[in-house]
Structures are given as structure tokens and as C-alpha cells.
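Hello,

Here is the structure I promised to pass on. My notes follow below it.

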Amino acid sequence: MKFYDSVGPNPQVVRIFMAEKGITIPKETVDLRAGDNRKEPHLKRNPHGQMPTLELDNGSFVSEITAICEYLEDKNPKPALIGSTPEEKAECRMWTRRVDLNICEPLANSFRYGKALNFFKVRMVTVPEASPGLRTVAEDRIKWLDSQMADGREFLCGKRFTLADILLHCALNFFGQPLEPTNNNIVAWFDRVGARPSFKA
């Protein structure tokens, strides 16, 4: 296998996932700032031009971080970062989907359409007027998530550290979302998760 890596929160999610599992895969860095992800040969690996991508032993390619991480979990089930039972897997997938749709995606697009507009406007369709509203959506959902963690849960899936935690932390950290001190459950969670050795990956 080979892992096609780059800057950005999405490749970091997979790097942390691999570090937590103790997986080592040869890496090749794709220069995202130079736009090499939108050129050949990377477009043969991922026609959507996104990062990261995992090349499998049979020569095929898997992209999208959830798909990559689920594949790696199937190949290396312990320690389980998605789940060891159907119930655990469903819980992790539920929280991963919630944070991705309601927090990570609005934050990412707010960043692309706002702070990083000059970089992205020549690479994709951008909607600058949507940037403030998308950040407001993310802020509202972070507040909601804080209330969901008011029962003292350590991680999004209770006592289990999972892909959902990795995904959310990488997005909040990369996009510089200021955490309101009143969201004390999320602030404590953010510090707790970020202190894990794997987050240096």
C-alpha cells in the first residue's frame, strides 16, 4: 500500500488514525499548495482531485477519509477506532456523520469561501457571501454538541476514543474555530484529545 499525503485536516485524520493503530504505510507527499492534486498523475488516483488517497496492494485506490479509515480498521481491527461490534460501529458512524455534516463541512466551506478565498477561488466554485453564515451554523452545532456531552462523557462515543473524535478535533484545530469558554465540555474534550501522542502525526 501507499498513502498519498498532503497538508490539511483530512490527511491528518488518516495519519492520526494510523498512529493510534500503530500502522506504518509508505507515504508520498502531493503538493497541494502547488495544485498537484488537481493534475496528473494524481487525478488518475482520485478523479475528484482531493486529498488524501490510499493505494491498495492490488493497485486500486480508495479516497474519502471515512472509507480509508474503515478499510484500515477492517484490515487492522485492534485497537478498534470505529467499533468491535455492530452496535459500537453504528454509534461511531452516527457521531462521525453528525460532526462531519454539521460542524466540519460548514467550517471547511466557511474557510474556503472566506479566509482562504484567494487560494480556492481559482480551484473550485466559491460562495463568499456564505462564509459568515456557515461559521454561524458550525458555532450553533458546537454549542449543541457541548450540551450532548454534559453527561460527563469522555469522548463522543462515551468512554471510547473513535474516528469521530479524530475528525472533529482535526477540523476545529485546522480551521481555527475559537471555542467559546461557555462550551466547557467541548473545551475540556478538545484539550484531552489533543494531548494524545498520536496528534503529533
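This is a predicted model. I start with a helix on the sheet. α3 lies across β3 (53-55) and β4. Its direction is about 120 degrees to that of β4. A second helix, α1, lies across β1 and β2. Here the angle is about 140 degrees, taken against β1.

Now the sheet itself. It is open and has 4 strands. Their order is β2-β1-β3-β4, with mixed pairing. β2 (27-29) and β4 (61-63) are the edge strands, and each has a single partner, so one side of each has no neighbour in the sheet. On average, neighbouring strands are turned by 20 degrees against each other, direction ignored.

One pair in detail: β1 (residues 2-5) runs parallel to β2, and 3 bridges join the two. D5 has T29 in β2 as its bridge partner.

Next, the nonpolar core. The largest one holds 49 residues. Which of them touch the most other members? They are L72, L145, L156 and W189. Six helices give two or more residues each to this core: α1 (9-21), α3 (65-75), α4 (86-113), α6 (131-148), α7 (163-174) and α8 (184-194). So both helices described above as lying across strands, α1 and α3, are on that list.

L145 deserves a closer look. Neighbours within four places in sequence are left aside here. L145 then contacts W95, V99 and I103, and also L156, L168 and I186. L156 is itself among the core residues that touch the most other members.

Best wishes

Terms used. Residues numbered from 1 in each chain as written. Predicted model: local features only at pLDDT ≥ 70, side-chain atom pairs only at ≥ 80, totals over all residues. Heavy atoms only, no water. Core = buried A, V, L, I, M, F, W, Y, C linked by side-chain atoms within 4.5 Å. Buried < 20%, exposed > 50% of the residue type's maximum accessible area, 1.4 Å probe, protein only. Contact = heavy atoms within 4.5 Å. Pairing = 2+ DSSP bridges. Axes fitted to C-alpha atoms, helices over the stretch in contact; angles between N-to-C directions.
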